[in-house]
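These entries record what I looked up in one model, taken helix by helix. I began with a pair of packed helices and worked outward from there.

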Amino acid sequence: MRGLIVLLCVAVLAGCQSAETGSSPELAAAPAAAAEPILPLQPVPAVAHRAYASIVVDGKTGKILEEDDATSPRYPASLTKMMTLYLVFEQLSSGRWTPQTALTVSAEAASRPPAKLGVRAGSTIPVDTAVRALAVRSANDVAVVIAENIAGSEDAFARRMTAKARALGMSRTSFVNASGLPDDRQYTTARDIAILGKALHDRFPQYFKYFSTREISYGGRTWKNTNKLLTKVDGVNGIKTGYIRDSGFNLCASVERDGKHIIAVVLGGKSGASRNAQMEKLIEEYLPQASGGSIFGF
């Protein structure tokens, strides 16, 4: 059995190396039937703390328009919740859940540190509210609620997250929690986040609008979306911000304007303001280079 495990680990690592060295100037489409390992990549790579990385991808063709250290490992922070929501959208699309499905809140979920919605142990929260809580408030407590209601535990849910990442072609991503709270074993790349952002947009158009929700009210309080570009930059319609001390300020943005669409990722910003300024710069420089909406792609 030990020999079999070793062989499987070697195979996974070899696949990751070949995916990086054989990269093309286009964001690879998700394979139709990819293997779904249940364990994080081993060994855990060295992750540069608060280091910049970026990528801009044509949302229509997958062509990479700009990249800077886009395949180097980084901490995702709350960009992790993009995958948490991907698995929620699968539940909704399959009919296993509806927006009104009541999710049970455990003491473990309620104990998570901020940012949080403040759900109480023993209560329930509708799926619709839970999704808005992640998209707008980036609520760590609600991320665990979702994980436990889908998979029974956050650990089991994280294994599903990593397996889904592999199925989508995210070859250098590992998840160990549903929220993005600090853990050295949880890492990603700008390229992998772009793959996930494009998959969310393309596969769940009926739910992608959640990412443009401007605010959420719960328990007598109201929070505005952490993605300030929604109200500042024309065409921005999502999708997620993230921050922990070791990641710096992260942002994945979807922009649709004048028949063109891009997915852009900035990781490792020094501040929220500088990250947003860099994202605006990338949008204005590379959106004009994206393919248009005509049949000829102009």
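**Entry 1: H2 and H5.** I looked first at helix H5 (residues 140-151) against H2, where the two axes come within 11 Å and cross at roughly 40°. The model is a predicted one. I note H2 and H5 as oblique to each other, because their angle lies neither under 35 degrees nor in the ranges set for perpendicular and antiparallel pairs. The crossing in which H2 passes H5 is left-handed. On the H2 side I listed Lys81, Thr84, Leu87, Val88 and Gln91, and on the H5 side Asn140, Ala143, Ile146 and Ile150. Sorted by class, this contact of H2 with H5 holds five nonpolar, three polar and one charged residues.

**Entry 2: H2 and H4.** Which way does H4 run relative to H2? I found an angle of about 160° between H2 and H4, with their axes 10 Å apart. H2 and H4 are therefore roughly antiparallel to each other, the cut-off for that term being over 145 degrees. I recorded their crossing as left-handed. From H2, the residues Lys81, Thr84, Leu85, Val88, Phe89 and Leu92 meet Val127, Val131, Leu134 and Ala135 of H4. I counted by class and obtained eight nonpolar, one polar and one charged residues for the contact of H2 with H4.

I then checked how covered helix H4 (residues 127-137) is, and eight of its 11 residues are buried. These are Val127, Thr129, Ala130, Val131, Ala133, Leu134, Ala135 and Val136. Just after H4, I noted that serine 138 has a positive phi of about 55°.

**Entry 3: H2 and H7.** My next pair was helix H2 (residues 80-94) with helix H7 (residues 190-203), which pack at an angle of about 30° with axes 10 Å apart. That makes H2 roughly parallel to H7, since angles under 35 degrees count so. H2 passes H7, too, in a left-handed crossing. What does each helix bring to this contact? H2 contributes Met82, Met83, Tyr86 and Phe89, while H7 contributes Ile193, Leu196, Gly197, Ala199, Leu200 and Arg203. By class I entered eight nonpolar, one polar and one charged residues for the contact of H2 with H7.

I turned to H7 itself. Its 14 residues reach 20 Å from the first C-alpha to the last, close to the 20 Å expected at 1.5 Å a residue. H7 is mostly covered, with 12 of its 14 residues buried. The buried residues of H7 include charged ones by name, among them Arg191, Asp192 and Lys198. Ile193, Leu196, Gly197, Ala199 and Leu200 are also among the buried residues of H7, and these five belong to the contact with H2 as well.

**Entry 4: H6.** Is helix H6 enclosed or open to the outside? I found 12 of the 15 residues of H6 buried, so H6 is largely enclosed by the rest of the structure. The buried residues are Glu154, Ala156, Phe157, Ala158, Met161, Thr162, Ala163, Lys164, Ala165, Arg166, Ala167 and Leu168. What covers them includes H2, H5 and H7. I also checked the span of helix H6 (residues 154-168), which reaches 21 Å from its first C-alpha to its last, close to the 21 Å expected at 1.5 Å a residue. Glycine 169 follows H6, and I read a positive phi near 95° for this glycine.

**Entry 5: glycine 248.** I moved from the helices to one residue in strand S8 (residues 248-257), namely glycine 248. Is glycine 248 buried or exposed? Its relative accessibility is 0%, so glycine 248 counts as buried. Leaving aside residues up to four places away in sequence, I found that glycine 248 touches Arg50, Gly242, Tyr243, Gly268 and Gly269. Glycine 248 and tyrosine 52 stand 196 residues apart in sequence, yet I found their C-alpha atoms 8.5 Å apart in space.

**Entry 6: the whole chain.** Last, I entered the overall figures. The chain has nine helices and nine strands. Of its 298 residues, 53% count as buried. Among contacts with a separation of 6 or more, 65% are accounted for by residues 24 or more positions apart.

Note on methods. Residues numbered from 1 in each chain as written. Predicted model: local features only at pLDDT ≥ 70, side-chain atom pairs only at ≥ 80, totals over all residues. Heavy atoms only, no water. Axes fitted to C-alpha atoms, helices over the stretch in contact; angles between N-to-C directions. Helix = DSSP H or I, 4+ residues; strand = E, 2+ residues; numbered from the N terminus. Parallel < 35°, antiparallel > 145°, perpendicular 65-115°, else oblique. Left-handed = near helix turned anticlockwise from the far one by under 90°. Contact = heavy atoms within 4.5 Å. Expected span 1.5 Å × (residues − 1). Buried < 20%, exposed > 50% of the residue type's maximum accessible area, 1.4 Å probe, protein only.
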